[in-house]
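Here are some exercises to work through with the sequence and the 3D view side by side. Try each task on your own before reading its solution.

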Amino acid sequence: MDVVSDAIAAVRIGQPSSNRVRVSGSWCTRFAPYEGAGFHVVLEGNCWLLPDGGGPPVSLGPGDAVLLPHGTGHVIADSPADAAAVARAVPFELRPDGTLPGRAAAAASGAVEMLCGKYRLDRSRLHPLMLELPTVVHLPNRVGAHPELRAALSLLGGELGGEQRPGSCMAVPSLLDLLLVYMIRSWMAEGSGGAWSAVLGDPVAAGALRALHSDPAAPWTNDRLAAEAGVSRPTLARRFTALVGRPPMAYLTWWRLTYAATLLRDTPDPLAAIARRVGYGTPYAFSHAFSREFGTTPGRYRDAAGKAS
């Protein structure tokens, strides 16, 4: 696994969901804060997104995609509504056009058609790459920009565009997962990807991270990791720590335990098997390290995650 895939996989839980909706006239609808990430894709027309907290309104046009990676509450409206209009916004579940999820209203002048969806995320151990995503990731539709994202949007729109197609129950969740990857990748490619764009663009730090994520259970040492990255140990320590924010072995310990938490949440594997997969020789050593990092035992963490799912 690569760093971006691991960062997403560590927090993704359950199945994503989406609706294709159509509204027209004067409208203003609210999306409540969510323990996950939301997204919108404009297929037709123009509208505005107004995030809670006083963030600037975002103008959205055909082909634009927007990701709200921290589940920020927001309003989507036909115009940049004032505070009074925002306060009267109809909850998305009670949309003003009366359509049910996934059903489009009849075509109308000035209509706006969108894909609206959300991902469930476990925020207890967000990777720093996910933490630094901004409140709103706006990916405008520009000629030649992000072709993979455009292809995924086209496929998803086709699957949700009318009669249910054979296999769509498998295709849609897979396309939604792919869409999340492409939106994050596109944000990083825009050059506004923050510190982790620099990390993954640095050959030394990226090489070391690739090695650690490919085989977290390996008996890594600073010397072995430096050799893998093709630099001296002091150079690795200096570059990695400056960019990632913690020394290589500290990052490895954190990632091993974060990965273990994902396995406890998502698999029925016994503690001994999970301990081996993340580089601990015995369940006792793993349990001790996990309890120190999470403040609870692996068994209790698994029980709590099961109740929350």
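The exercises below cover a sheet, its salt bridges, a strand residue and the nonpolar cores of this predicted model.

**Exercise 1. The open sheet**

Task: Work out the strand order of the open sheet of five strands, and find its edge strands.

Solution:
- Step 1. Follow the pairing across the sheet: the order is β1-β9-β3-β6-β10, and the pairing is antiparallel.
- Step 2. Look for strands that pair on one side only; these are β1 (12-23) and β10 (137-139).
- Step 3. Going from one strand to the next, the twist averages 15 degrees.
- Step 4. Now zoom in on β3 (residues 36-44) and β9 (residues 112-121), an antiparallel pair joined by eight bridges. Within this pair, V41 has L115 of β9 as its bridge partner.

**Exercise 2. Salt bridges across the chain**

Task: The structure holds 10 salt bridges. Take the ones formed by R22 with E44, R30 with D52, and R239 with D202, and say where the partners lie and whether each is buried or partly exposed.

Solution:
- Step 1. Begin with R22 and E44, whose closest N and O atoms are 3.0 Å apart. R22 sits in strand β1 and E44 in strand β3, 22 residues apart.
- Step 2. Apply the cut-off: a residue is buried under 20% relative accessible area and exposed over 50%, with partly exposed in between. R22 has 8% relative accessibility, so R22 counts as buried. E44 has 31%, so E44 counts as partly exposed.
- Step 3. See whether this pair stands alone. R22 and E44 belong to a network of salt bridges that also links R20 and E113.
- Step 4. Turn to R30 and D52, where the closest N and O atoms are 3.2 Å apart. R30 is in strand β2, while D52 is in the loop between β4 (47-51) and β5 (58-60), 22 residues away. R30 is partly exposed because its relative accessible area is 23%, and D52 is partly exposed because its value is 31%.
- Step 5. Finish with R239 and D202, which meet at 2.9 Å, N to O. R239 belongs to helix α9 (residues 233-244), and D202 lies in the loop between α6 (194-201) and α7 (203-214), 37 residues apart. R239 has a relative accessible area of 30%, so R239 is partly exposed; D202 has 12%, so D202 is buried.

**Exercise 3. A residue in β2**

Task: Decide whether T29 is buried or exposed, and find what its side chain reaches.

Solution:
- Step 1. Locate T29 in strand β2 (residues 28-31).
- Step 2. T29 has 4% relative accessibility, so T29 counts as buried.
- Step 3. Trace the side chain of T29 to the backbone nitrogen of F92, at 3.4 Å.

**Exercise 4. The nonpolar cores**

Task: Identify the residues that touch the most other members of the largest nonpolar core, then list the contacts of I184 beyond its neighbours within four places in sequence.

Solution:
- Step 1. The largest nonpolar core has 54 residues, and those touching the most other members are F39, Y119, M130, I184 and Y251.
- Step 2. Helix α5 (residues 168-192) gives this core its largest share, 10 residues.
- Step 3. Beyond those sequence neighbours, I184 is in contact with V4, I8, L67, L129, M130 and L133.
- Step 4. Look also for a second, separate core: this one has 16 residues, including V21, C47, I76 and M114.

Note on methods:
Residues are numbered from 1 along each chain as its sequence is written. This is a predicted model: local features need pLDDT of at least 70, side-chain atom pairs count only at pLDDT 80 or more; totals for chains, interfaces and linings use all residues. Side-chain values use heavy atoms; hydrogens and water are left out. Helices (H or I, at least four residues) and strands (E, at least two) are DSSP runs, numbered from the N terminus. Buried means under 20% relative accessible area, exposed over 50%, partly exposed in between (1.4 Å probe, protein chains only). A polar contact is a pair of N or O atoms within 3.5 Å; within protein, one must be able to donate a hydrogen and the other to accept it, and residues adjacent in sequence count only if both atoms are side-chain atoms. Two strands pair if DSSP finds at least two bridges between them. Axes are lines fitted to C-alpha atoms, for helices over the stretch in contact, and angles run from 0 to 180 degrees between N-to-C directions. A salt bridge is a side-chain nitrogen of Lys or Arg within 4 Å of a carboxyl oxygen of Asp or Glu. A nonpolar core is a set of buried Ala, Val, Leu, Ile, Met, Phe, Trp, Tyr and Cys residues joined through side-chain atoms within 4.5 Å. Contact means heavy atoms within 4.5 Å.
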